[in-house]
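Colleague: I would like to learn how to read a model of this kind, feature by feature. Could you take me through it, giving the general idea before the particular case?

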Number of protein chains: 2
Amino acid sequence: MKRLRLLTPGPVNLHPAALAALAQPQLHHRSPEAGELVRDLRERIARLAGTGGEAVLLGGSGTAAMEAAVRALFAPGARVWVPVAGKFSERWCEIARAAGLEPVCSAHDWGDAVPPEAVPAGPLDGALLTHSETSTGVLQPLAELAARVRERHPEALVVADVVTSFALAPVRMDAWGLDAAVLGSQKGLMSPPGLAAVVLGARGLERLRSAGYYLDLARELRAQRARQTAFTPPINLIEAAAAVMAALEAGGWEARFARVREANERFYALGEAAGLAPVPASGAERSPATAAFYLPRGASYTELSQAFAARGWRVAGGQGPLKGRILRVSAMGYFEPGELERAWGDFAEVTAGLR
Amino acid sequence: MKRLRLLTPGPVNLHPAALAALAQPQLHHRSPEAGELVRDLRERIARLAGTGGEAVLLGGSGTAAMEAAVRALFAPGARVWVPVAGKFSERWCEIARAAGLEPVCSAHDWGDAVPPEAVPAGPLDGALLTHSETSTGVLQPLAELAARVRERHPEALVVADVVTSFALAPVRMDAWGLDAAVLGSQKGLMSPPGLAAVVLGARGLERLRSAGYYLDLARELRAQRARQTAFTPPINLIEAAAAVMAALEAGGWEARFARVREANERFYALGEAAGLAPVPASGAERSPATAAFYLPRGASYTELSQAFAARGWRVAGGQGPLKGRILRVSAMGYFEPGELERAWGDFAEVTAGLR
C-alpha cells in the first residue's frame, strides 16, 4: 500500500537532503566526521535561533528537550509562569510540576493569543512560553511576552518552545530576551523525529545547573564543546538535519519563511472559502506551521480524514478539548514539484463537501 | 571521501533491511501502520528477551533506557548492588547515584568475570547488572549472578544491561530471573542509534512506579499498550529495527548467534596468533560482541587505528583506564559477502605489524 503523504504539522514529508543522508553508510559518532557534524549543526541552530549562545543536541523528542531545559535552568521549588493556551503550553506546566517546580499556570482560551498583561506579579524565577502553539495554530506574541516578563521580573529566565516556529518563522533569541529555546528535528527541519535541541543564550549558559543523567544539559554542553556527545547520539538524524539546514540556508531563510507562510495562508483562504472558521481567534497571529479550522456542526473528523486519505493525504485533527472538533493541515514539510498545488486542490474539493 | 566500514562494537554497519526502511517516505507516528510497528517491535523484543512480560520503547540511547529503568523500579534511597568491572557497569553506578539511590558498587578488575560470591549480604532492594561488558569484551555470568541475588535477596529486583548481548547471544529473562533488561538499536539490531527499550518481566511490570516525565516508563507502557507512544517516537528507527528483527528471525536466532560468535572467535584466534593478549581474563567468558586485546608495550593505538583506516576500517580503542591500552574489533554488524573475510585478512596483516 502506498504510504500517505503528510499534510500534518509534524512529522512532515522528508527533505531530499535528509533522505540522502539517511542512505549513507553508518557513521561512528566518535569519528572526526561526526564531530564536525555536531559542531556544524550546533552552530547552524544557534545562528538561526538568533543567539550568540550555544545549542545542545539531545537524542529524543522535543519533549525531552523541554524537560532537560526545565531541570537545567530551575531548581525544585522555583516559581515559573506558564500561560496555557493549548496542548503544548499545557505540557510545559506538566513538565514543571514533574520536575518539582511550582508553576503558576494561567489559563487562556485555546485559539487565543496570550496577552502580555497576563504576566503575573509577585516573585517569579522564570517563564515557560510557547511560540507556535501547534494545537491551535496560533503564533504567540513571544517577543512581547518575553519583554513583559523581563520588565517585571528582570532576573527571571525566559524559556520558549520554538518546536514549530524554528526554521519556519523568525526566532530572535537575543533580541527578544529569550534565555533558552527548544526544538525538534521533525518539523521545520524536515528530518525524522528523534533529535532535539536546547539553545541557550548568555544567561541560560551562565545559570545552567547539572540535573539528571541522560538529559543533563550541563554534561552535554561540556561534551559538545569538545565536538563529542556525552552518550551515543542519533548521529544519522544529526547528519540529516545538518544537510537540510545547509540546503535551506542556500535558498535563504527569509524566502523559506515567506514560502511556508504563503502556502499556509493559501490553506486558510481555501478553508474560509469553504465556510470553515479558523481556530486562531481574530486578534491572534497565525502560525505558519499549521492551518487549523473548526469543523461545521455535525461534521465527522474521522470521515473527513478518510476523504483526505482516499486522495493520498494524511491530515491532523484536534488534541485535548479540541479532539474531534478541528481539522489541521500543514505546508511546513517537503513537497515535490506540483505536489502542494495538488494538496490545495484536494483540500478545496474535500472541504467543499462539508457545506 | 569514502566512509570507513565499521569494525566497532556499536554503532555497526547497517543491515540492508534497516537502510530500506530508512529510505521510506516519513510515516506519521499516529497512523495505524505506526501503531502496528510499535506493537510488532515490542512483541519481537520481549520474545527474544525470553520473557512473557513487555517491552517499552524509548527515543534515546541505551543510557536513556538504563536511567528510565532505574527511576521506574527504585525509589530514592533504595540500596542496589552494582558490580563494576568496566565502563558500562560503572555507568549503572553513576545513574543510580544521580537518581538518589544508594548503590553498593563493588569493584572488580576490568576484564574479570564478576564472581557470584560478590553479591553483598545485608538488605538489598535490587541489583544492576551488565551482561556483555562492551568495554572489556567479557560476557558476565548473568544467569549465575541473578540466581545468587534472588537466592540471598528474594525481593530484590534484578535489572540487566543487555545492550551488546541482545540479538547476539541468548538472553532468557524469565528463566534467569531478570525483572528488567535494557537495550539499544545500534548494536545487534544493526540499526541507527537513537532507539532504546526497557523489557519488563512480571515483577518489573508489577513494581513499576511513575517517575520523571520524558523517561517515565509507566506512562510509556500505558501508551504503548494502546499501540501509541506518550511522545513523538523515533518511528523511522522503530521501522528499521523491526525490519531487521524480522529478517534475522527468518534466518533463525541460534544460527545468527553462532555466526557472530564464530566470527568474533576468528578475530581472537588471529590476534592471539599475532601475540596479542585478550582483555577478558582466562576464566571469563568472551562476549560475542567484541574481541578486545591488550596492545604490546610501546604500541600506539592511534597509529594502529590509522593503519586500519588506511585499509578502510574503523576500529575501537579502550575507555576509562583502558584508554590507549587496548584494541577492540567487532563482527556484530552487517557485512557484505566477502567483507568479513577481508576484515579478517586485514586484521591479521595489521596486527602482524605489532610484533
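Modeller: Let us begin where the chains meet, keeping in mind that this is a predicted model. In it, 50 residues of chain A are in contact with 50 residues of chain B.

Colleague: What is the area buried between chain A and chain B, and which residues supply it?

Modeller: The size of an interface is often given as the accessible area lost when the parts come together. Here the area buried between chain A and chain B comes to about 4000 Å², and carbon and sulfur atoms give 61% of that area. Of the area that chain A buries against chain B, 21% is supplied by A:Arg3, A:Gln26 and A:Tyr213, which is more than any other three residues supply.

Colleague: How many salt bridges and how many residue pairs in polar contact are found across the interface of chain A and chain B?

Modeller: The rule finds 2 salt bridges across this interface, and in one salt bridge the side chain of A:Glu239 meets that of B:Arg3, with 2.6 Å from N to O. Across the interface of chain A and chain B there are also 14 residue pairs in polar contact, both residues of each pair being at pLDDT 80 or more. On the side of chain A that touches chain B, at least two residues each come from helix H1 (16-22), helix H2 (32-48), helix H3 (62-73), helix H4 (87-98) and helix H9 (235-251) of chain A. The residues on that side of chain A comprise 24 nonpolar, 16 polar and 10 charged ones.

Colleague: Turning to the strands, do E3 and E4 of chain A run parallel or antiparallel, and how does the chain cross from E3(A) to E4(A)?

Modeller: Strands of a sheet pair through backbone hydrogen bonds, either parallel or antiparallel. Strand E3 (residues 79-84) and strand E4 (residues 102-107) of chain A run parallel and are joined by 6 bridges, with A:Val80 standing opposite A:Pro103 in E4(A). Between these strands the chain passes through H4(A), and the resulting β-α-β crossover is right-handed.

Colleague: And what is the order of the open sheet of 3 strands in chain A, and which are its edge strands?

Modeller: The order is E11-E13-E15 (chain A), and the pairing is antiparallel. Strand E11 (277-278) and strand E15 (326-329) of chain A are the edge strands, each of them pairing on one side only. Strand E13 (residues 291-294) of chain A is joined to E15(A) by 4 bridges, and A:Ala292 stands opposite A:Arg328 in E15(A).

Colleague: Which details of the backbone should I look at with care?

Modeller: Most residues other than glycine have a negative phi, and most peptide bonds are trans. In chain A the peptide bond from A:Gly10 to A:Pro11 is cis, with omega near -5 degrees, and A:Pro11 lies in the loop between strand E1 (5-6) and H1 of chain A. In chain B a cis peptide bond joins B:Gly10 and B:Pro11, with omega about -5 degrees. A:Arg227, a residue other than glycine, has a positive phi near 60 degrees, and A:Arg227 is placed in the loop between helix H8 (217-225) and H9 of chain A.

Colleague: Lastly, how many salt bridges does the structure hold over all chains, and what does the one between A:Glu339 and A:Arg5 tie together?

Modeller: Over all chains the structure holds 38 salt bridges. In one of them the side chains of A:Glu339 and A:Arg5 meet at 2.5 Å, N to O. Because A:Glu339 lies in helix H12 (residues 339-352) of chain A and A:Arg5 in strand E1 of chain A, the pair ties together parts that are 334 residues apart in sequence.

Key. Residues are numbered from 1 along each chain as its sequence is written. Chains are lettered from A and ligands numbered from 1 in the order in which they are written. This is a predicted model: local features need pLDDT of at least 70, side-chain atom pairs count only at pLDDT 80 or more; totals for chains, interfaces and linings use all residues. Side-chain values use heavy atoms; hydrogens and water are left out. Contact means heavy atoms within 4.5 Å. Buried area is the accessible area (1.4 Å probe) that two parts lose on being put together, summed over both. A salt bridge is a side-chain nitrogen of Lys or Arg within 4 Å of a carboxyl oxygen of Asp or Glu. A polar contact is a pair of N or O atoms within 3.5 Å; within protein, one must be able to donate a hydrogen and the other to accept it, and residues adjacent in sequence count only if both atoms are side-chain atoms. Ala, Val, Leu, Ile, Met, Phe, Trp, Tyr, Cys and Pro count as nonpolar, Asp, Glu, Lys and Arg as charged, and the others, Gly among them, as polar. Two strands pair if DSSP finds at least two bridges between them. A crossover is right-handed if, with the strands pointing away from the viewer, the path from the first strand over the helix to the second runs clockwise.
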